[in-house]
Amino acid sequence: MPISLTSRYQRNATALVKDRHGRLQLAIMHRPPENRSLRVSDFRWRGDERVDDVSTRYYGSESSWWMVAEANPRVLDWTQVPAGMQIMVPRGLA
């Protein structure tokens, strides 16, 4: 099964690996972080904001929320972002 183009794993390799029962399963392989420069937009979080709404506003897809999450690793729980917090929204490679 191909990986969706909007998936955070889209650039990862896949491989057949044995599960604990010895059956071959298709798995998404780990991809080490890359050093890259991104263009970002600063965004001030409102109290009623949701990360999927921000994703829809910037990318046209609520399922692309992970791009915002990857750019802001200090946010551990996207349901508890304090109002007024400055976050970065990636806009593409610099």
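## Salt bridges

R57 and E49 join through their side chains in a salt bridge, with 2.9 Å from N to O. The two ends sit in unlike surroundings. R57 is partly exposed, because its relative accessibility is 44%. E49 counts as buried, because its value is 8%. The model is a predicted one. R57 and E49 also belong to a network of salt bridges that links them with R46 and D48.

How many salt bridges does a search of the whole structure find? The search finds six. One of them is between R50 and D53, whose side chains meet at 3.9 Å, N to O. R50 is partly exposed, with a relative accessible area of 45%. D53 is partly exposed too, at 34% relative accessibility. D19 forms a salt bridge with R23, and their closest N and O atoms are 3.3 Å apart. D19 has a relative accessible area of 23%, so D19 is partly exposed. R23, at 48%, is also partly exposed.

## The aromatic cluster

Four residues form one aromatic cluster: F43, W45, Y58 and W78. The structure holds three aromatic pairs. In one of them, the ring centres of F43 and W45 are 6.3 Å apart. Their planes stand at 80°. An angle over 60 degrees counts as edge-to-face, so the F43 and W45 pair is edge-to-face. Both residues are buried. F43 has a relative accessible area of 10%. The cut-off for buried is under 20%, which means that F43 qualifies.

F43 also pairs with Y58. The centres lie 6.0 Å apart and the planes make an angle of 85°, again edge-to-face. What does this pair tie together? F43 lies in strand 3, residues 38-44, while Y58 lies in helix 1, so the pair ties together parts that are 15 residues apart in sequence.

## Y58 and its surroundings

Helix 1 covers residues 51-59, and Y58 is found there. Is Y58 buried or partly exposed? Y58 is partly exposed, because its relative accessible area is 25%. Its aromatic partner F43 is buried, at 10%.

Which residues does Y58 touch, leaving aside neighbours within four places in sequence? The contacts are S41, F43, V89 and R91. S41 is 17 residues from Y58 along the chain. The C-alpha atoms of Y58 and S41 are separated by 9.6 Å.

## N12 before strand 1

N12 lies in the segment that comes before strand 1, which spans 14-18. N12 counts as buried, because its relative accessibility is 11%. A polar atom of the N12 side chain lies 2.6 Å from the backbone oxygen of M29.

M29 is also among the contacts of N12 once neighbours within four places in sequence are left aside. The others in that list are I3, I28, H30 and R31.

## A nonpolar patch

Where L16, L24 and L26 come to the surface, they form a nonpolar patch. Together the three residues have about 320 Å² of accessible area. L26 is found in strand 2, residues 24-28. L26 counts as partly exposed, because its relative accessibility is 48%.

## The chain as a whole

What does the secondary structure come to? The chain has two helices and four strands. Along the sequence they follow the pattern β-β-β-α-α-β. Helix 1, the home of Y58, takes in residues 51-59.

The chain has 94 residues, and 24% of them count as buried. Among these buried residues are F43, E49 and N12. The chain exposes about 7000 Å². Carbon and sulfur atoms supply 53% of that area. Contacts also reach along the sequence. Among those between residues at least 6 apart, 44% join residues at least 24 apart.

Notes:
Residues numbered from 1 in each chain as written. Predicted model: local features only at pLDDT ≥ 70, side-chain atom pairs only at ≥ 80, totals over all residues. Heavy atoms only, no water. Buried < 20%, exposed > 50% of the residue type's maximum accessible area, 1.4 Å probe, protein only. Contact = heavy atoms within 4.5 Å. Phe/Tyr/Trp six-rings, centres within 6.5 Å; stacked < 30°, edge-to-face > 60°. Salt bridge = Lys/Arg side-chain N within 4 Å of Asp/Glu carboxyl O. Patch = residues over 30% accessible without salt bridge, like charges linked within 9 Å, V, L, I, M, F, W, Y side chains within 5 Å. Areas by Shrake-Rupley, 256 points an atom, 1.4 Å probe, with all protein chains shown as cover. Polar contact = N/O pair within 3.5 Å; in protein donor to acceptor, adjacent residues only side chain to side chain.
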